[in-house]
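Morning, everyone. I have one chain to show you today. Please have a look at it first.

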Amino acid sequence: MGTSKAKTPQTMKSATAAKKLGILLSAAPADFQEGPVSRDELNALQADPPSWLANLRREGPHPRQVVAARLRVSISGLARAGITGPLTTAEIENLKAERPDWLEREQAVRAEVRREELRLKQQRAKT
């Protein structure tokens with residue numbers, strides 16, 4: 001029988017962990033930003049978010065992928081509208097309330113893309 005080695009914890013860069021948590025890394029506390037995050041630490045943050053994480057998820061600032069999802073547009077749609085940086089929840093809600101032309105246009109584009117993806121998926125399932 002061979003000797004068993006101590007299992008080293010799997011770690012990831014803080015930027016990767018922030019992306020998995022759906023938060024903007026630059027808005028996270030310094031101790032989170034500075035070091036690697038273990039898989040166990042990430043799981044603990046997801047299972048029982050500390051107040052700083054819950055606050056970031058609730059109020060932002062949010063990374064582009066979260067902004068796009070909350071506005072129901074693509075990241076490319078945000079770029080076409082000139083939105084390249086993070087937005088807070090209040091800013092997202094203001095955009096939803098104002099319903100600018102670009103937002104309605106990009107939501108329609110995304111909805112059409114999703115319908116087409118669904119149609120193609122159903123077509124592939126039949127063959």
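I'll take the two domains, then their contact, then one serine.

A caution before we start: this is a predicted model. The domain assignment splits the chain into domain 1, residues 10-59, and domain 2, residues 61-126. Their centres, taken over C-alpha atoms, are 24 Å apart. Each domain puts nine residues into the contact.

Now the interface itself. The size of an interface is often given as the accessible area lost when the parts come together. Here, domain 1 and domain 2 bury about 640 Å² between them. Carbon and sulfur atoms carry 55% of that. Which three residues supply the most on the domain 1 side? They are Gly-22, Leu-24 and Glu-59, with 56% of the area that domain 1 buries against domain 2.

What about polar links? Between the two domains, we count zero salt bridges. We do count three residue pairs in polar contact, both partners at pLDDT 80 or more. Helix α4, residues 51-59, gives the most to the domain 1 side, with four residues. By class, that side has four nonpolar, one polar and four charged residues.

Last stop, Ser-14. This serine lies in helix α1, residues 14-21. Is Ser-14 buried or exposed? Its relative accessible area is 9%, under the 20% cut-off, so Ser-14 counts as buried. Its side chain reaches the backbone oxygen of Gln-33 at 2.8 Å. Leaving aside neighbours within four places in sequence, Ser-14 is in contact with Leu-25, Phe-32, Gln-33, Gly-35 and Val-37.

That's it from me. Over to you.

Notes:
Residues numbered from 1 in each chain as written. Predicted model: local features only at pLDDT ≥ 70, side-chain atom pairs only at ≥ 80, totals over all residues. Heavy atoms only, no water. Domains from an automatic or database assignment. Contact = heavy atoms within 4.5 Å. Buried area = accessible area lost by both parts, 1.4 Å probe. Salt bridge = Lys/Arg side-chain N within 4 Å of Asp/Glu carboxyl O. Polar contact = N/O pair within 3.5 Å; in protein donor to acceptor, adjacent residues only side chain to side chain. Helix = DSSP H or I, 4+ residues; strand = E, 2+ residues; numbered from the N terminus. Nonpolar A, V, L, I, M, F, W, Y, C, P; charged D, E, K, R; others polar. Buried < 20%, exposed > 50% of the residue type's maximum accessible area, 1.4 Å probe, protein only.
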